[in-house]
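Could you look over this one with me? I've jotted down some notes on the two ligand sites and one strand.

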Amino acid sequence: MPRAEIVKKVPINDSYFLFRSCVSSSKYPGIETSTEEVFARLGIELEDSPEQSCCGGFITFTSLAEVTASLPAVARNLSIIEESGKNALTVCNGCHMFLTEFGHFMDHNPDITNKVNEMLGMIGREYKGTSHVLHMLEAVAGLKNRIKELITRPLKGLRVATHYGCHYLYGFKHDAVDDPYMPTVLEELIEIAGAENVTYPEARTCCGSGLTQVIIHKEEMSLPFLKRKLDSLKKIEADVLIVVCPYCMTILDRGQFKMEERGIEEYGVPVLYINQLLGLAMGIDPVRLGLEAHITPVKRLLEKLEVSNA
Amino acid sequence: MSRLFDKKLRPELYSDLSELTFRFIGDLEKCMQCGKCVGNCPAASVTQYNSRRIIHSIKLGNVEDVIKSEELWSCFFCSSCYASCPKDINFPFTVAMLRYASLYAGYGWEYVKKLLPYALDYYRTGMTVLQDERNPNITRRRANNSNTSGSMADVREKMGLSRERKVSDRALSEVQFISDVSGMTRILKELPHKEEKAPLTRAELDRMVTVTGPNGKFAGFPEEDDNA
Ligand code: SF4
Ligand code: SF4
């Protein structure tokens, strides 16, 4: 299906269930607050619930629990989303992947769904498959024109590079709102925010961790790969790097510090979530956008934009 | 006994769910060995790792070699091989499932152990990633970068949030319940004691590693042992 058709099919509602990410809440809370602020301005309500937990997918891909353990864990979260009667909005490539993949798997394997529901039944829950799970990239692609009207402080002269992350565009290649190898959604939004797009040779490669490689083979594989990406990024002298996933954010933001700590190289490229950038262009307070949680020098970015981080 | 997912250890009701692990495996039979997957592979770009070669090995029936290999633990799970595969083979899912087979057979525990702290956090709190920093220098850097002590609790408070995100008591007990009845809790308890390797026979391995064929049923591996 042509991508434009996929974008048209994204359900744009008046309210969504905000599916939180552990990485975001714990390491970069601004990913969630910037989403809340931007969506509030769009007039879209986000419902929260303390019943949601970690999406449950990570434990599968660490091989620490079989699918038998993580499938019901994921289904439990899906049942909570369904209870709200809304579609879910995810801020993380990983949460999106697990919620959609496992939901899809259950929808096509009714025997498994029955077993999962047997387990969920014991805690008074049920997976029905009635809610759609949106990735942030889908939402902002669908809301592009409405976002445009809310830009009050165009980010003139800001050089912005992007990193889309693997698990949405690559892992979700048939249904993603953009082309895995030539995506432009973020670039269009960056233009809408009044900034300038810059690109670098390693723009479409992995952050250096995938799911767990920064833990399993940190020194031999993850860091060398990350270094190549950051070296390529440094050359183009971008003011900021934009991501759409808290885990990519963790690796790229903290990874720069790791390189510095080891005396390998200094990069100093601030990393922001797309909604944090849009938030700045909407004149939202940088403290509320959670920029103080970042490890890369966001102050430098704010100085350039002449916004103070009070 | 090094077979961690031994059915006997699992509560009766859910023991039959374990075969579903293998329903996620892509149909490797379709692979035409074009090598497109290797071109975008981060693991292949920094090591000798080669997804096409692993698939070739499996298709030739050398499953045991793959299961014992270090390479199996080199995949990033980035899915760029899947994005470029003309045959739509979702190789990272295959790798994930092969890793289970590897663990069954007594290999790979040293890698999985490194991930244990995250799974324990998940069991304890319902969240896999928590806000305490394993590297204190991060907090110090954040203090320089912001106008706070650098602790995440302070940053969150300044943003107008609670000092820490917590899942509800009900959510936590449900997460733990699922972990207990599905056998995950047992894995977490046993993991620190996993040292020994007890390689299985070829026949036993073949029984565990199943590939779903086009009809959704077990397709098995070709019998010929060709090392060409
Ligand atoms: S890209 Fe697909 S068909 Fe080609 S070698 Fe890799 S897995 Fe096989
Ligand atoms: S998912 Fe694994 S095999 Fe595929 S490209 Fe990424 S690292 Fe390579």
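My points follow, ligands before the strand.

1. Ground rules: this is a predicted model, where local features need pLDDT of at least 70, side-chain atom pairs count only at pLDDT 80 or more, and totals for chains, interfaces and linings use all residues. Residues are numbered from 1 along each chain as its sequence is written, chains are lettered from A and ligands numbered from 1 in the order in which they are written, and side-chain values use heavy atoms, with hydrogens and water left out.

2. Ligand 1 takes up the largest cavity. (A cavity is a set of points on a 1 Å grid over the protein atoms alone where a 1.4 Å probe fits but cannot get out; to sit in one, a molecule needs more than half of its atoms within 2 Å of its grid points.) Among the residues around ligand 1 are Cys31(B), Cys34(B), Cys37(B) and Cys85(B). The shell has 7 nonpolar, 2 polar and 3 charged residues; Cys counts as nonpolar and Gly as polar here.

3. Ligand 2 sits in the second largest cavity. Its shell has 10 nonpolar, 2 polar and no charged residues, including Cys41(B), Cys75(B), Cys78(B) and Cys81(B). For both shells, a heavy atom within 4 Å is the cut-off.

4. Strand S5 (residues 159–163) of chain A has 4 of its 5 residues buried (under 20% relative accessible area, 1.4 Å probe, protein chains only), so it is largely enclosed by the rest of the structure. S5(A) runs parallel to S7(A), joined by 4 bridges, with Thr162(A) partnered by Ile242(A).

Terms used. 1 Å grid on protein atoms, 1.4 Å probe; cavity = no way out; pocket = protein on both sides within 12 Å on 5 of 7 lines; lining within 4 Å. Buried < 20%, exposed > 50% of the residue type's maximum accessible area, 1.4 Å probe, protein only. Helix = DSSP H or I, 4+ residues; strand = E, 2+ residues; numbered from the N terminus. Pairing = 2+ DSSP bridges.
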